[in-house]
Every structure is written in C-alpha cells, then in structure tokens.
Amino acid sequence: MLSPSILARVSAMSIIGRRGIHFLRKLSAENVPSDLIEKGQSRVIDASLTLIRESAKLRGELVRALGGAVASTSLLGVPLGHNSSFLQGPAFAPPRIREAIWCGSTNSTTEEGKELRDPRVLTDVGDIPIQEIRDCGVEDERLMNVISESVKLVMEQDPLRPLVLGGDHSISYPVVRAVSEKLGGPVDILHLDAHPDIYDAFEGNIYSHASSFARIMEGGYARRLLQVGIRSINIEGREQGKRFGVEQYEMRTFSRDRHFLENLKLGEGVKGVYISIDVDCLDPAFAPGVSHIEPGGLSFRDVLNILHSLQGDLVAADVVELNPQRDTVDGMTAMVAAKLVRELAAKMSK
C-alpha cells in the first residue's frame, strides 16, 4: 500500500501534467500564435540550461581550486518517467536516491576507501526540471536534446564527469549521445538490466524506455554493448541484439559467464566506458522497488564484483528505474540505488 505522502506526490504530478496540457490546448483553441508558444518554450529551456550550466560551473571551479583531481563525479538528476511502458514512478527517484546517500545510516566512505564528502570525489549539479519543461508542451525530441545539452554542460567543466540519476531508462539514449559527441567518438557500454531495452519502437514510441539502446546503437554511439542480467527477452530482443552485434549475457548462463564478467576490460581504442544500471538487474529480493519485477536476477554482490573488477576509464554512468512508489516503507531499494551510485562515483573519480 502506498504511503499518503507518495499518493499525494503522484496525484500532484498527474494534476500538474493535465493542467499544462489543458492550458496549451486552450491556447491553441483560442488561436494564440504558435510562435508565441514557441518563444515561451525556448525561454523555459534556456532558463533550465542556465541553471545546470551555472551549477556545473560552480562545482567545477571548486574542484579545480582544491586541485589533485583528474576526474570527479558529479550527479545530474533527470526525473523523467513518462516513457515508461508500465508505471511512471521512476520520475520520483532522484531525490530519494540523494536522501539515501546522505541519510546517515552509514558512513560516507566507499568500499574502496574514497570519501564522498570530498568534492573531488562527488559533487551534485541538481536536477533538470523535466516536468516544468513538459508543462510548456515541449515534445520528446526537443526534451531529449535538453537532456543531452545538460550532460555536455557538466562535461565542459573539467574534471567533472556525469553520473546521471533516472528516471526511466529512456534517459540513457540522450546521455550516451551527449557523452559520445562531447568526447568525439563511441564508447563501450556495460549495461546491467533484466531487459535488453532494444525494441525498435516499443508500443510505437521511439523514445520508450524499452527502446533506448536501439537508438544508441543506431547512432553509432557505442562500439561494444554488453548486456548483463538479462532474463526477460523475446524474439525481437534477440534479433535486435544480433542486428547490432550486442553481447547479451542471460541469467540462465550466469554461472558459466561469471568469470568472464568479473574480469572485463573495456574502453581500449574508444573514448572510454559508460555504465548503465537498471536497478531491476538485481533480483527483487535485493531491490523490490522497481516497476518491472523479474525474479531470478543478480545479487547485489554479483553487481559490485563486476563493477569493482572492471578495467577501463569510466567516463559517465547512469542509475535508472528505481520506482519509489513500489519500494518498501523503509526505502530499501533507494538504499540499494544509493550504494550503486556511491560505488560508481568511487570508480569514476581519480
């Protein structure tokens, strides 16, 4: 049963979204000039990008002033859930992950000994105001461009590297695109998930969270795509995997593949390594707070072993598909997502 506070947030988001849509329809019905609406949308987008630009600039200046950092992880929230095919709760995830990171139930040191309170290890530029942009009637193609531009703004502030908090998995496409374009070439991707998310256009939506990696591979933004934890895949998922040369490691053969996956070496000859973690890669015993519960997944230690042993230059990452609306009362899955973020931050920062 959902808590009253979560129900209130769900209701508020639904009401706000409907108001925005109705407002735009009313304007159209009253023959308000389209260029007026377009200019208003552009002002909101410009303001949103300015917020990310100035926040990233401040964090970059701080890290550079402290000195000694070659790479520094910076969180960027993308609270987007409308491209989910089932539930839209991932839109509420970024603040829950941040709350879990800093809740005080554990110390701020990662397993490999890095101190998260050191800005050279972790900073936070805040969230892209997705709902506010959508309320202006901005369509997905333009919204994806806003996400890409926001990621590039973080990357412009050397030595910051983006660790993106979703949100549903549709955000990985504009993030990977931005990383590849900014670095000037493809990356190798390690994708941990119960699903391959490689449909051509799931339910007719090219930006569906189930189609993000089709867009990535079509764009040439990845040289290698390794998908680990897969246990819900159909004929199209396998055919698309073959079409794009994806290396799919299903859970039914994980015991056989374990040694290889715990000794990965990626990124040589390309611009680095990108890691995308859908929280449902984990067995629901470890992470029940997801939209698509799929038994038979990875243990949390399986995931950490793969991450810790990976050899390669981690240039960016995302953690997606936490659904706080389905989490336990004590926020167990949020804590799991937070731990993944902590360990990715340690891996990326140097």
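The following exchange examines how certain descriptions of this predicted model are justified.

Trainee: What is the strand order of the open sheet, and in which sense do its strands pair?

Mentor: The open sheet has eight strands in the order β2-β1-β3-β8-β7-β4-β5-β6, and the pairing is parallel. From one strand to the next, the twist averages 15°.

Trainee: What makes β2 and β6 stand at the edges?

Mentor: Strands β2 (122–127) and β6 (247–250) each have a single partner strand, so one side of each lacks a neighbour in the sheet.

Trainee: How do you know that β1 pairs with β2?

Mentor: Pairing requires at least two bridges between the strands. Strand β1 (residues 72–78) is joined to β2 by four bridges, and the two run parallel. Within this pair, Thr73 stands opposite Leu122 of β2. By the same criterion of at least two bridges, β1 also pairs with strand β3 (residues 160–166), in the parallel sense, over seven bridges. There, Leu75 stands opposite Leu163 of β3.

Trainee: Why is β1 called largely enclosed?

Mentor: A residue is buried when its relative accessible area is under 20%. Seven of the seven residues of β1 are buried, and β1 is therefore largely enclosed by the rest of the structure. Ser72, Ser74, Leu76 and Val78 point one way from β1, whereas Thr73, Leu75 and Gly77 point the other way. Side chains in a regular strand alternate between the two faces of the sheet.

Trainee: Which strands does helix α9 lie across, and at what angle to β6 does it run?

Mentor: Helix α9 (residues 254–261) lies across β5 (222–230) and β6, and its angle to β6 is about 130°.

Trainee: Why are α3 and α11 called roughly perpendicular?

Mentor: Helix α3 (residues 93–101) packs against helix α11 (residues 332–348) at an angle of about 75°, and their axes are 8 Å apart. The range for roughly perpendicular is 65 to 115 degrees, and α3 and α11 are therefore described in that way. In their contact, Arg96, Ile97, Ala100 and Ile101 of α3 meet residues of α11, including Ala334, Met335 and Val341. By class, the contact of α3 with α11 has eight nonpolar, no polar and two charged residues.

Trainee: Why, then, is α5 called oblique to α6?

Mentor: Helix α5 (residues 140–155) and helix α6 (residues 172–183) pack at about 45°, with their axes 8 Å apart. Angles under 35 degrees count as roughly parallel, and those from 65 to 115 as roughly perpendicular. The angle of about 45° falls in neither range, so α5 is oblique to α6. The crossing of α5 and α6 is right-handed. Among the residues making the contact are Met144, Val151 and Lys152 of α5 and Pro174, Arg177 and Leu183 of α6. The contact of α5 with α6 comprises nine nonpolar, two polar and four charged residues.

Trainee: How do you know that Thr333 is buried?

Mentor: Thr333 lies in helix α11. The cut-off for buried is under 20%; Thr333 has a relative accessibility of 0% and therefore counts as buried. Apart from neighbours within four places in sequence, Thr333 is in contact with Val279, Ala287, Pro288, Gly289, Leu322 and Asp327.

Note on methods
Residues are numbered from 1 along each chain as its sequence is written. This is a predicted model: local features need pLDDT of at least 70, side-chain atom pairs count only at pLDDT 80 or more; totals for chains, interfaces and linings use all residues. Side-chain values use heavy atoms; hydrogens and water are left out. Axes are lines fitted to C-alpha atoms, for helices over the stretch in contact, and angles run from 0 to 180 degrees between N-to-C directions. Contact means heavy atoms within 4.5 Å. Angles under 35 degrees count as roughly parallel, over 145 as roughly antiparallel, 65 to 115 as roughly perpendicular and the rest as oblique. Ala, Val, Leu, Ile, Met, Phe, Trp, Tyr, Cys and Pro count as nonpolar, Asp, Glu, Lys and Arg as charged, and the others, Gly among them, as polar. A crossing is left-handed if the near helix is turned anticlockwise from the far one by less than a right angle, and right-handed if clockwise. Buried means under 20% relative accessible area, exposed over 50%, partly exposed in between (1.4 Å probe, protein chains only).
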